[in-house]
Amino acid sequence: MCQYCVDENTIKVTKYEVMGKLPDPFLFDDGTRVKTKADWEKRREEMFKTAVELQYGTMPPEPEFLEIEPLYQSVVESYRIHTGTREKPVVFTMYVKGADRADKRPVVIDGDMCFDYPFDKKYTSIFNDNGITICLFNRCELAHDTDSRGIGHGQLYETYPEYTFGALGAWAWGYSRCVDALEKLGIADMSCVAFTGHSRGGKTAALAGVLDKRAAIVNPNETCAGSCACYRVHMSAIRENGEEARSETLSDLIRNFRFWMGPDMGKYAENEAALPFDAHFIKALIAPRVLFVSEAASDIWGNPVGSWHTTMAAKEVYKFLGAEDNLLWYFRKGVHFHHHRDLEMLVNVIHHVKYGEELNSCYSKTPFAQPELIFDWKAPAEK
């Protein structure tokens with residue numbers, strides 16, 4: 001067995017509360033139910049209003065323009081991106097390593113240059129040594145990751161003041177602008193674009209994957225509340241090191257990071273059961289494209305049981321769309337970090353999608369005994 005693989009005894013759940021059943025993604029707002037794939041496209045538009053616009057605010061629009069200014073072209077290529085509106089342009093820097101213009105490679109886009117791990121040489125080599133280009137940017141150039149009475153700050157708020165997006169929406173917008181730039185530059189295989197990010201960056205990657213269908217693979221890593229976990233599940237567990245910890249709740253998220261979210265999410269901080277959506281809606285909105293959810297067993301703040309529940313719920317949507325094999329998930333041993341093993345697993349997914357490489361044996365194993373599902377609906381049988 002791989003040293004990172006889990007089994008149901010890896011952590012011990014000590015507290016487990018369910019605030020309500022997961023809403024049915026196949027149920028229209030008028031009470032009727034999805035019957036066909038054409039119905040699903042209409043239902044998807046309804047889900048967007050709650051899972052995206054309620055949760056994260058109204059999203060910034062497509063830019064009026066995008067221009068690329070080369071800064072340095074060697075081992076690591078750097079480009080200054082000018083975009084947004086002509087009246088109030090947005091400027092940020094994009095870094096590319098491992099591009100091959102003669103043999104365009106799959107590309108991973110990661111906005112986490114505000115963290116330290118992208119500066120680890122092994123981080124980039126895991127991708128580059130496996131024939132994958134890495135594209136990095138610092139999402140905090142678009143919106144600051146600092147709080148001032150719950151109000152967001154940064155360039156993008158000044159460019160689009162009429163929208164209600166929080167920082168997560170601003171950061172997700174940056175992923176799409178990197179896709180725009182890579183398309184213009186012609187330095188990557190645009191049929192195999194992957195979005196990834198860790199923690200708040202993982203939240204961002206998931207949202208970016210919902211917003212931009214050019215992402216063939218979406219890999220949110222250990223997102224905690226506000227993306228892949230579950231608002232309706234609260235849990236505590238004993239970690240691998242013997243310490244007990246609890247999961248992050250919506251109240252925690254709003255108290256600490258209100259500026260990440262949409263302006264109305266605070267209304268549900270003590271009433272998660274009233275939410276018209278949960279994290280399975282975000283996962284389902286990525287379908288039928290490849291979604292790879294990566295988690296850590298001892299990241300209890302990340303709510304491992306809740307993340308599993310919402311993945312199981314999203315799986316019904318993938319089944320309905322005939323894309324069940326495109327929903328992949330795994331837990332590794334260890335704590336909250338964008339671990340080298342997480343990157344290696346993403347490489348495995350990319351090679352599986354692009355080249356038909358066999359998936360390794362670490363997927364679909366939980367570090368806890370699986371509880372009863374917290375939903376009783378199923379994918380419709382399409383007529």
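In which sense do strand β8 and strand β11 pair, and over how many bridges? Strand β8 (residues 217-221) and strand β11 (residues 290-296) pair in the parallel sense, over three bridges. Welcome to this predicted model. The notes below walk through an open sheet of nine strands and an open sheet of three strands, together with helices that pack on them.

**The nine-stranded sheet**
- Its strands follow the order β2-β3-β4-β6-β5-β7-β8-β11-β12, and the pairing is mixed.
- The edges are held by β2 (65-72) and β12 (327-332); each has a single partner strand, so one side of each is left without a neighbour in the sheet.
- On average, neighbouring strands here are turned by 20° against each other, direction ignored.
- Where β8 meets β11, you can find V218 standing opposite L291 in β11.

**Helices on the nine-stranded sheet**
- Helix α4 (residues 167-185) packs on this sheet and touches several strands, including β2, β3 (76-84) and β4 (89-97).
- The direction of α4 makes about 65° with that of β4.
- Helix α5 (residues 200-211) also packs on the sheet, touching β7 and β8, and its direction makes about 150° with that of β7.

**The three-stranded sheet**
- Here the order is β1-β9-β10, with antiparallel pairing.
- β1 (12-18) and β10 (244-246) each have a single partner strand, so one side of each is left without a neighbour in the sheet.
- Neighbouring strands are turned by 10° against each other on average, direction ignored.
- Six bridges join β1 to β9 (residues 233-238), and the bridge partner of V13 in β9 is A237.
- Helix α8 (residues 304-320) packs on this sheet, touching β1 and β9, with its direction at about 135° to that of β9.

Definitions and conventions
Residues are numbered from 1 along each chain as its sequence is written. This is a predicted model: local features need pLDDT of at least 70, side-chain atom pairs count only at pLDDT 80 or more; totals for chains, interfaces and linings use all residues. Side-chain values use heavy atoms; hydrogens and water are left out. Two strands pair if DSSP finds at least two bridges between them. Helices (H or I, at least four residues) and strands (E, at least two) are DSSP runs, numbered from the N terminus. Axes are lines fitted to C-alpha atoms, for helices over the stretch in contact, and angles run from 0 to 180 degrees between N-to-C directions. Contact means heavy atoms within 4.5 Å.
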